[in-house]
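Reader: I should be grateful for a close look at one part of this model. Please describe how its helices and strands are arranged, and define each term as it arises.

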Amino acid sequence: MKKATFLGSALLLAFASLLSACNQTNSGPNATTTANTSPTAASSNGIPIGIALAQTSNVALLGQEGIQGAKIAEKYFNDKGGINGTPIRLVVQDTGGEEAGAINAFQTLITQNQVVGIVGPTLSQQAFSADPIAERAKVPVIGASNTAKGVPEIGDYVARVSAPVAIVAPNSIKAALKINPKIEKVAVFYAQNDAFSKSETETFQQTVKDQKLDLVTVQKFQTTDTDFQTQATNAINAKPDLIVISGLAADGGNLVRQLRELGYKGIIIGGNGFNTSNIFAVCKALCDGVLVAQAYSPEHPNEVNKVFRTTYVNQYKKEPPQFSAQAFTAVQVYVEALKALDQKSKVTAMPLPQLRTELNKQLLAGKYDTPLGEIAFTPVGDVIQKDFYVAQLKVDKDGNNGKFAFLK
């Protein structure tokens, strides 16, 4: 059994859940409005899997990429026969960027759309509020972009395919030291209102200490901030050789831009929030050279990634980003677990509560060959993954075209 660790006030979460249940509304332009009242998982439209990701707010830069990957997975696996002849059907709900949006999306997917499991939410901050709702309802959740410490420990029904920040983040600092072995002074920035960023910066700061570097300043900001002149100036005055940023794409990209405009010329590391091609539209040519540790490479050689990469490039005219690959992987885990379960007992004839419980057991027990490479799960629901990467952002001088160039 996992130990449930509900961060924040349990009473507040319970109240939010009750309030949301009493005010069920679908949110977002792609939300499904027809509830499935069947006692089984199947309907004429297929087996419903919930997608609770941000389509609006400043978090949409990340959530929309997740939806793209999930939809590619839906078509890919349905073209291969779905669940032994029964298609899957994605039910998308917009979480926005706040905890309340994630709570409402989870409530709608669970009680109205009656999904067998959920992929999401976008942010770890949202996961700590919304995942307990799924845990109480005994509905499986797979986080596709939740990397903060403690997410899988929320409950027995919570897992993730997004590698924890403690494993991924140190790789980028080590890469920076290979590029410039003379780095001594490090400045750190982080978004203090975001659980993921606070968790990630702890890892970054510990890695700085482990590498015997001098942490000269720690600057805080909000994910909603657009003006970073004060923090950037304070950091530059400390004369760092390296700057490390934990934030999201919009705020992080703007921070990079303002640091460069104020004259900082050293290496910049971006955290997991930079793992989106949408970052290029924010800081354009000033993004060039930023280092980002990643849990996905479009060049991974297995067959499923080749198909995923080709499909994504053909549809979106750019390389697939990490968040799309992780969302594809989350849907794949559900599909393969459902297929394995169906071999034992037809899932279309199974009562929904029983199916959710059996599906949760099956997905945690499986091994999967995904665009991320081979993965499995620990008993607590954390992803087991062996392949990690560091990329450097490369942007044309006019700022119109950018890519992630993977370091060897």
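Author: In helix 4, the buried residues are Ser124, Gln126, Ala127, Phe128, Ser129, Ala130, Asp131, Pro132, Ile133, Ala134 and Glu135. Buried denotes under 20% relative accessible area, exposed over 50% and partly exposed the range in between, with a 1.4 Å probe and protein chains only. Helices (H or I, at least four residues) and strands (E, at least two) are DSSP runs, numbered from the N terminus. The model is a predicted one, in which local features need pLDDT of at least 70 and side-chain atom pairs count only at pLDDT 80 or more, while totals for chains, interfaces and linings use all residues. Residues are numbered from 1 along each chain as its sequence is written, and side-chain values use heavy atoms, with hydrogens and water left out.

Helix 4 covers residues 124-137 and is mostly covered, 11 of its 14 residues being buried. At 1.5 Å a residue it should span 20 Å, and its end C-alpha atoms are 20 Å apart, which agrees; the expected span is 1.5 Å times one less than the number of residues. Helix 4 nevertheless bends by about 35 degrees at alanine 130, with proline 132 following within four residues. That bend is the angle between axes fitted to the seven residues ending at a position and the seven starting there. Just after helix 4, lysine 138 has a positive phi of about 60 degrees.

The sheet is the next element to consider. Its 7 strands form an open sheet in the order 7-6-8-9-10-14-15, with mixed pairing; two strands pair if DSSP finds at least two bridges between them. Strand 7 (214-221) and strand 15 (402-406) each have a single partner strand and stand at the edges, so one side of each is left without a neighbour in the sheet. Neighbouring strands are turned by 25 degrees against each other on average, direction ignored.

Strand 6 (residues 185-191) pairs in the parallel sense with strand 8 (residues 242-246) over 5 bridges, and in the parallel sense with strand 7 over 7 bridges. Toward strand 8, valine 186 stands opposite leucine 242 and valine 188 opposite valine 244. Toward strand 7, alanine 187 has threonine 217 as its bridge partner. Of the 7 residues of strand 6, 6 are buried.

Helix 7 (residues 195-210) joins strand 6 and strand 7 in a right-handed β-α-β unit: with the strands pointing away from the viewer, the path from the first strand over the helix to the second runs clockwise. Its 16 residues should span 22 Å at 1.5 Å a residue, and the end C-alpha atoms are 23 Å apart, which agrees. Among the buried residues of helix 7 are Phe196, Phe204 and Val208. Lysine 212, just after helix 7, takes a positive phi of about 60 degrees.

Helix 9 (residues 249-261) lies across strand 6, strand 7, strand 8 and strand 9 (267-270), at about 155 degrees to strand 8. Such angles run from 0 to 180 degrees between N-to-C directions of axes fitted to C-alpha atoms, for helices over the stretch in contact. Leucine 248 lies in the loop between strand 8 and helix 9 and, at 3% relative accessibility, counts as buried. Leaving aside neighbours within four places in sequence, its contacts (heavy atoms within 4.5 Å) include Leu62, Leu123, Asp194 and Phe274.
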